[in-house]
Amino acid sequence: MGNIDIVTKHYLEDSRIFADAFNYFIYDGKPVIQPEQLRPLDAVATATPDGETPVQKTRDLLKCLVAMEDDNRAYAILGLENQSDVHYAMPVRNLLYDALTYQKQVRDIADKHRADRDSATGAEFLSGFHKEDKLTPVITLVIYFGANYWDGPTSLHEMMKLEETDEALKSMIDDYKIKLITPAQIKAEDFAKFHTNLRQVMEFIKYSKDKENMAELMRSDAYRSIDAAAVNVIEHCTHLKLKPYIKNEKGDVDMCEAWDEMKKDCKAEGMQKKAAEIAKSMLQDNHLNYDKIAEYSGLPLDTVLALAQEMRSA
């Protein structure tokens with residue numbers, strides 16, 4: 001797992017962020033799922049489809065959604081997959097994750113029946129799953145933390161060659177569609193449907209390659225106090241180096257100030273690079289001594305000497 005995946009996974013472990021993502025996608029931003037309703041689950045799923053060879057997959061994050069605070073019955077299992085790159089087999093990957101999660105439920109129910117010595121019909125005994133047993137639905141959501149459009153398939157059908165398949169046969173081929181949040185495809189007016197700093201993370205990533213819109217964002221009060229964990233995600237996903245100017249005792253960052261300071265640093269680095277080019281040009285001419293080159297280029301004498309050594313060694 002790369003650094004970006006580790007950082008984004010840690011960020012999404014926060015139940016507030018986790019709930020916000022699902023509320024945005026399922027309920028159009030309405031805060032239906034509350035963080036306190038979420039319970040962490042083991043993200044490792046194992047199954048033995050042929051009865052012998054085990055299959056094990058580890059999800060990024062898995063939580064169960066309970067009905068209410070005083071009732072621990074789960075009525076949905078929510079999986080969250082964070083992607084720093086496009087995965088061109090994501091529909092198959094998520095389908096397998098969901099199938100393994102359902103298989104684990106069947107196995108757990110069967111184990112409980114055996115432990116409780118429940119009576120069963122012959123068919124129930126063979127499957128371990130009784131006629132009245134029910135599974136908890138599984139929903140898997142993918143969040144893509146890239147600035148580009150997701151150009152991979154979003155359904156199982158998109159991964160198949162169906163152009164020459166007749167409609168009758170095609171109607172019998174089950175599809176599986178992934179549920180996806182990708183910054184580039186979020187409309188400007190829809191960012192307000194997020195109610196945590198996931199909004200700023202998604203928004204910053206979307207406009208990270210758009211100087212005009214980024215300048216507009218950095219004039220917004222919404223970026224005056226951002227949680228340091230969110231800033232860490234932004235830095236890793238956009239490859240920008242923002243100076244962590246701490247705003248208050250909570251450790252929140254003033255992104256507007258950090259952005260301005262980064263631009264100043266970039267300008268200074270550009271000037272430094274230009275000065276080095278001038279110094280190298282003067283060194284090649286061999287008409288000036290090192291002190292004069294340092295004076296004319298604006299570089300320290302030690303830097304000029306180092307450049308001269310570097311050119312001799314090349």
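**Exercise 1. Find the distance between the closest N and O atoms in the salt bridge of K104 and D108, then place the pair in the fold.**

Solution. In this predicted model, K104 and D108 form a salt bridge whose closest N and O atoms are 2.9 Å apart. Next, look at where they sit: both belong to helix α3 (residues 90-116), four residues apart, so about one helical turn separates them. Finally, check the cover. K104 is partly exposed, with a relative accessible area of 27%, and D108 is partly exposed too, at 34%.

**Exercise 2. Work out how E167 and K170 are arranged in helix α5, and whether E167 is buried or exposed.**

Solution. Start with the helix: α5 covers residues 167-170, and E167 and K170 lie three residues apart in it, about one turn. Their side chains form a salt bridge, with 3.6 Å between the closest N and O atoms. Now for accessibility. E167 has a relative accessible area of 57%, and because the cut-off for exposed is over 50%, E167 counts as exposed. K170, at 24%, is partly exposed.

**Exercise 3. Which parts of the chain does the salt bridge between D28 and K193 tie together?**

Solution. First, the contact: the side chains of D28 and K193 meet in a salt bridge, 2.7 Å from N to O. D28 lies in the loop between α2 and β1, while K193 lies in the loop between β7 (179-181) and α6, so the pair links parts that are 165 residues apart in sequence. Both ends are partly exposed: D28 has a relative accessible area of 44%, and K193 has 22%. There's a further partner to add, as shared salt bridges join D28, D190 and K193 into one network. For the whole model, the salt bridge count comes to 11.

**Exercise 4. Find out how many residues of helix α6 are buried.**

Solution. Helix α6 runs over residues 198-207, and eight of its 10 residues are buried, so the rest of the structure largely encloses it. Go along the helix and you can tick them off: L198, Q200, V201, M202, E203, F204, I205 and Y207.

**Exercise 5. Describe how helices α1 and α8 cross.**

Solution. Pick out α1 (residues 3-12) and α8 (residues 228-238); their axes come within 10 Å and cross at roughly 155°. That angle makes α1 roughly antiparallel to α8. As for handedness, the crossing of α1 and α8 is left-handed.

**Exercise 6. Which residues join V32 in a nonpolar surface patch?**

Solution. The partners are F25, I26 and Y27, and together with V32 they show about 310 Å² of accessible area. V32 itself lies in the loop between α2 (15-27) and β1 (38-40). With a relative accessible area of 42%, V32 is partly exposed.

Methods
Residues are numbered from 1 along each chain as its sequence is written. This is a predicted model: local features need pLDDT of at least 70, side-chain atom pairs count only at pLDDT 80 or more; totals for chains, interfaces and linings use all residues. Side-chain values use heavy atoms; hydrogens and water are left out. Patches are made of residues with over 30% relative accessible area and no salt bridge: like charges are joined within 9 Å, nonpolar side chains (Val, Leu, Ile, Met, Phe, Trp, Tyr) within 5 Å. Accessible areas come from the Shrake-Rupley method with a 1.4 Å probe; for residues, only the protein chains shown count as cover. A salt bridge is a side-chain nitrogen of Lys or Arg within 4 Å of a carboxyl oxygen of Asp or Glu. Helices (H or I, at least four residues) and strands (E, at least two) are DSSP runs, numbered from the N terminus. Buried means under 20% relative accessible area, exposed over 50%, partly exposed in between (1.4 Å probe, protein chains only). Axes are lines fitted to C-alpha atoms, for helices over the stretch in contact, and angles run from 0 to 180 degrees between N-to-C directions. Angles under 35 degrees count as roughly parallel, over 145 as roughly antiparallel, 65 to 115 as roughly perpendicular and the rest as oblique. A crossing is left-handed if the near helix is turned anticlockwise from the far one by less than a right angle, and right-handed if clockwise.
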